[in-house]
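Me: I would be grateful for a close look at one part of this protein, with the surroundings described as far as they help to place it. Please treat the strand pairing, the packing and the pocket in one connected account.

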Amino acid sequence: MTGRFEGKTVLITGAGSGIGQETSLAFAEAGAVVIGIDRSGEGLSATSVRLASTGARFVPLIADVGDETSVPAAFEQAAAVTGRIDCAFNNAGITQSSTLAADIAHEEWERVMRINVTGVWLCMRAEIGLMLRQGGGSIVNTASFLSLHSMAMQTAYVASKHAVLGLTRNAAIEYAANEIRINAVAPGGIPTGMMAQSLADVDEAGRDAARKAIGDMHPMKRLGTPREIAQAVLFLSSGDAAFVTGACLSVDGGWAAL
């Protein structure tokens with residue numbers, strides 16, 4: 001895989017932790033210049049440390065993907081790095097508290113939608129503009145197995161991830177003739193900070209039991225890993241997927257087949 005993205009510039013949101021950080025490392029190992037966007041400067045510093053061993057160039061940018069002012073400013077800086085964005089991975093997202101649909105606070109609903117839906121759209125708008133000018137590119141959005149299923153107590157999150165899949169598919173057909181491919185990856189249960197946050201109110205024994213229970217929900221009877229999601233993103237971003245657009249690649253241990 002080394003060198004597969006040599007000479008390419010890749011932009012990743014949510015690059016400061018979890019799947020975004022692991023995908024940044026995978027692209028760096030494959031030779032790409034990586035531009036990482038995150039709200040957390042501390043997280044970006046941790047990503048920078050991990051990427052240092054690859055020798056790849058890493059450019060950290062602090063921005064809030066859900067802010068209409070912040071996103072264009074960040075993309076202006078990103079475009080100046082090498083003059084182009086060949087691949088983009090819109091991965092930044094947040095979870096919600098476990099709450100019945102009618103009990104979700106309006107503030108929480110707005111927060112989830114602002115980051116998970118508006119954030120993806122704002123980034124796509126900037127990416128598509130750049131890619132139209134440069135003659136093409138690849139965009140991958142982080143959907144979820146909950147883009148295809150439902151889960152009690154997660155209405156806002158489920159609605160947001162269904163919306164991400166709709167954004168992906170509709171934009172894909174609009175820009176297919178412009179050599180811009182737009183796809184989604186749909187992870188199953190992955191042990192990241194987001195999962196830890198959702199289990200924050202549970203004691204250690206409870207968290208272990210919950211992680212096992214989530215793993216057992218997958219036909220493969222385990223959780224996935226951030227690297228397994230990263231490999232799917234690299235495939236969708238590469239020339240190996242040149243005839244793939246508007247697709248949702250489930251990386252969920254068989255959960256989507258249930």
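**Strand β5 and its surroundings**

Reply: Ser 138 has Arg 181, in β6, as its bridge partner. The model in which this pair is seen is a predicted one. The pair belongs to the contact between strand β5, residues 137-142, and strand β6, residues 180-187, which run parallel and are joined over six bridges. In general, the strands of a sheet pair through backbone hydrogen bonds, in either a parallel or an antiparallel manner.

The two strands form part of an open sheet of seven strands, ordered β3-β2-β1-β4-β5-β6-β7 and paired in parallel. At the edges stand β3 (58-62) and β7 (248-251); each has a single partner strand, so one side of each is left without a neighbour in the sheet. From one strand to the next, the twist averages 15°.

Helices lie across this sheet. Helix α8, residues 226-237, lies across β4 (87-90), β5, β6 and β7, and runs at about 165° to β6. Helix α2, residues 41-52, lies across β2 (33-38) and β3, with an angle of about 175° to β3.

Within β5, Val 140 deserves attention. Its relative accessibility is 0%, and therefore Val 140 counts as buried. Leaving aside neighbours within four places in sequence, Val 140 is in contact with Ala 88, Phe 89 and Asn 90, with Asn 183, Ala 184 and Val 185, and with Val 233, Leu 236 and Ser 237. Ala 88, Phe 89 and Asn 90 fall within β4 (87-90), and Val 233, Leu 236 and Ser 237 fall within helix α8 (226-237). Asn 183, Ala 184 and Val 185 fall within β6 (180-187).

A second buried residue is Thr 168, with a relative accessible area of 0%. Thr 168 is placed in helix α5, residues 155-175. Val 140 and Thr 168 are 28 residues apart in sequence, and their C-alpha atoms are 8.3 Å apart in space. With neighbours within four places in sequence left aside, Thr 168 is in contact with Asn 141, Ile 182, Asn 183, Ala 184 and Ala 247. Asn 183 and Ala 184 also appear among the contacts of Val 140.

The pair that opened this account returns at a pocket. The second largest pocket has a volume of about 390 Å³. Its lining comprises 21 residues, of which Gly 137, Ser 138, Glu 179, Arg 181 and Ser 237 are the closest to its centre. The elements giving two or more residues to this lining are β5 and β6. By class, the lining of the second largest pocket holds seven nonpolar, eight polar and six charged residues. Ser 237, one of the residues closest to the pocket centre, is also a contact of Val 140.

Two loop residues complete the description. Met 153 lies in the loop between β5 and α5. The phi angle of Met 153 is near 75°, a positive value in a residue other than glycine. With a relative accessible area of 32%, Met 153 is partly exposed. Lys 221 lies in the loop between α7 (204-217) and α8. Its phi is near 60°, again positive in a residue other than glycine. Lys 221 is exposed, at a relative accessible area of 54%.

Conventions. Residues are numbered from 1 along each chain as its sequence is written. This is a predicted model: local features need pLDDT of at least 70, side-chain atom pairs count only at pLDDT 80 or more; totals for chains, interfaces and linings use all residues. Side-chain values use heavy atoms; hydrogens and water are left out. Two strands pair if DSSP finds at least two bridges between them. Helices (H or I, at least four residues) and strands (E, at least two) are DSSP runs, numbered from the N terminus. Axes are lines fitted to C-alpha atoms, for helices over the stretch in contact, and angles run from 0 to 180 degrees between N-to-C directions. Contact means heavy atoms within 4.5 Å. On a 1 Å grid over the protein atoms alone, a cavity is a set of points where a 1.4 Å probe fits but cannot get out, and a pocket is an open set with protein on both sides within 12 Å along at least five of seven lines; lining residues have an atom within 4 Å of a point. Grid points are joined across faces, edges and corners, and a volume is the space filled by probe spheres set on the points. Ala, Val, Leu, Ile, Met, Phe, Trp, Tyr, Cys and Pro count as nonpolar, Asp, Glu, Lys and Arg as charged, and the others, Gly among them, as polar. Buried means under 20% relative accessible area, exposed over 50%, partly exposed in between (1.4 Å probe, protein chains only).
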